[in-house]
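Dear colleague,

Please find below the structure for your review, shown together with its sequence. My notes on it come directly after.

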Amino acid sequence: MVSVKVLTTSLPFPPFNVNAYIIRTEQHRVLFDSTIKDDRNIAVLTDEIKKADGIDTIILSHGHLDHAGAASILASEFDVPIYTAIEESERISSGIEMRMDRRINKILKVLDFFGFDKESTENERKKLNFYKSFMEPIDFFFNIDSFTDEEIEIIKLPGHTAGSIGIFAKEDKLLFSGDALLSEGISAFLDVERLKNSLNDYLLSLERVEKLKPKSIYQGHFGIINNVEEVVSRHKNYVNTTTQKILDMINSGYTIKEIKENLYSKNHNILIILSEVTYALQKCGIPIFSELSNLLKD
C-alpha cells in the first residue's frame, strides 16, 4: 500500500490553487508535481517535504508552469531526478520564454483566423505574458518511460497536453491525474504546436480511466474525487452535448466568435474553447487541423 501526503499551494490566477503529492511506496518517495516559481510556495513545499522525511524522485504530470514551475528548484534542493514525458520537453526546458512568445503568437494567429476582435486577442496576449515569470526551466530530466516501481504504474493520459500522465497506485486503486482529469470541467487544451485533436485524445484518456476503475482520483486542483464514474460520465455527456450545440450553431450561420460569446462564459479558457470548436469542426468533415497547420507554418 502507498501513503499519500497532499500539498496544496495558492496561485495568483484561476483556479487559485494547485496540488502536489508525496507518494510513498516501498521503493520510492515521489513528489508528484510541484507549484509555480514563487518563494512562498516553494518554502511551503520544502518544509512539508522535510517533515515527510524527504523525497527521492520528482515526477511531473505535465509541463504547465503551475505543476512544473518550481520542480527544478526543488530537485536542486533535495538532489533528486525529475521524470516527465518526453512530449513535455519544449514546455519546460531552457529557452521557455522564447517558446512561450512563439506559442502566444500562434494562439493569436488562430484567434484572428477564427474572427476574434483585436481587444480579445490583446487581452489574451496580456494574460499569457503574465505567466512567464512563474516557470524555472528544467535543463535535465529523465523520460518517464524509464521510471519503474512495483506498486505504481505510469498511465499516459494525453488531452490536456500531449504528454500528460498519471500515476496509478495498483493495490490501493488510486489515480493521481494532474490536470488530465479534473472534477470541474473539461481540461483538453488545443496545442498550437502539435495541432492534434486534443479533445479526441482526452476522450480516449477518459476511457483509460474507466478501465482502471480507480476508487479515488487525486487531481491537480481541488479536492479528492470519490465519485469517479459520475465525473467521467458527466464529462462525456458534456462533450457530446456541447459538440452538438456547436454543430447546430455552425449550421445556423454563427461565426466561431459568436459561438464563444453565446456558449461560453467570459472567463472560459480560450484553449479549451478552441479544442471543443476544432473537435466539432473535424466531426462535421472540415479539415481544420490541416488548415491551421498551413496557417501556422513558420
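The notes below cover the nonpolar cores, the aromatic pairs and one sheet.

Please bear in mind that this is a predicted model.

The largest nonpolar core comprises 62 residues, and Leu31, Ile58 and Leu74 have the most contacts inside it. Helix 10 (residues 270–283) supplies the largest share of this core, namely eight residues. A second core, separate from that one, has 21 residues, including Phe168, Ala180, Leu181 and Leu206. Beyond its neighbours within four places in sequence, Leu31 is in contact with several residues, among them Leu7, Tyr21, Ile49, Ile58 and Leu74.

As to the aromatic residues, 12 pairs were counted. In one of them, the ring centres of Phe32 and Phe176 are 6.5 Å apart and the ring planes stand at 75 degrees, so the pair is edge-to-face. Because Phe32 belongs to strand 3 (residues 29–32) and Phe176 to strand 9 (residues 174–178), this pair ties together parts that are 144 residues apart in sequence. Both Phe32 and Phe176 are buried. In addition, Phe13, Phe130, Tyr131 and Phe134 make up one aromatic cluster.

Strand 9 is also part of an open sheet of four strands, ordered 7-8-9-10, with mixed pairing. Strand 7 (152–156) and strand 10 (216–219) are at the edges with a single partner strand each, so one side of each has no neighbour in the sheet. From one strand to the next, the twist averages 25 degrees. Strands 9 and 10 run parallel and are joined by four bridges. Leu174 stands opposite Ser216, which lies in strand 10.

With kind regards

Conventions: Residues are numbered from 1 along each chain as its sequence is written. This is a predicted model: local features need pLDDT of at least 70, side-chain atom pairs count only at pLDDT 80 or more; totals for chains, interfaces and linings use all residues. Side-chain values use heavy atoms; hydrogens and water are left out. A nonpolar core is a set of buried Ala, Val, Leu, Ile, Met, Phe, Trp, Tyr and Cys residues joined through side-chain atoms within 4.5 Å. Buried means under 20% relative accessible area, exposed over 50%, partly exposed in between (1.4 Å probe, protein chains only). Helices (H or I, at least four residues) and strands (E, at least two) are DSSP runs, numbered from the N terminus. Contact means heavy atoms within 4.5 Å. Rings of Phe, Tyr and Trp (its six-membered ring) pair if their centres lie within 6.5 Å; planes under 30 degrees apart count as stacked, over 60 as edge-to-face and the rest as tilted. Two strands pair if DSSP finds at least two bridges between them. Axes are lines fitted to C-alpha atoms, for helices over the stretch in contact, and angles run from 0 to 180 degrees between N-to-C directions.
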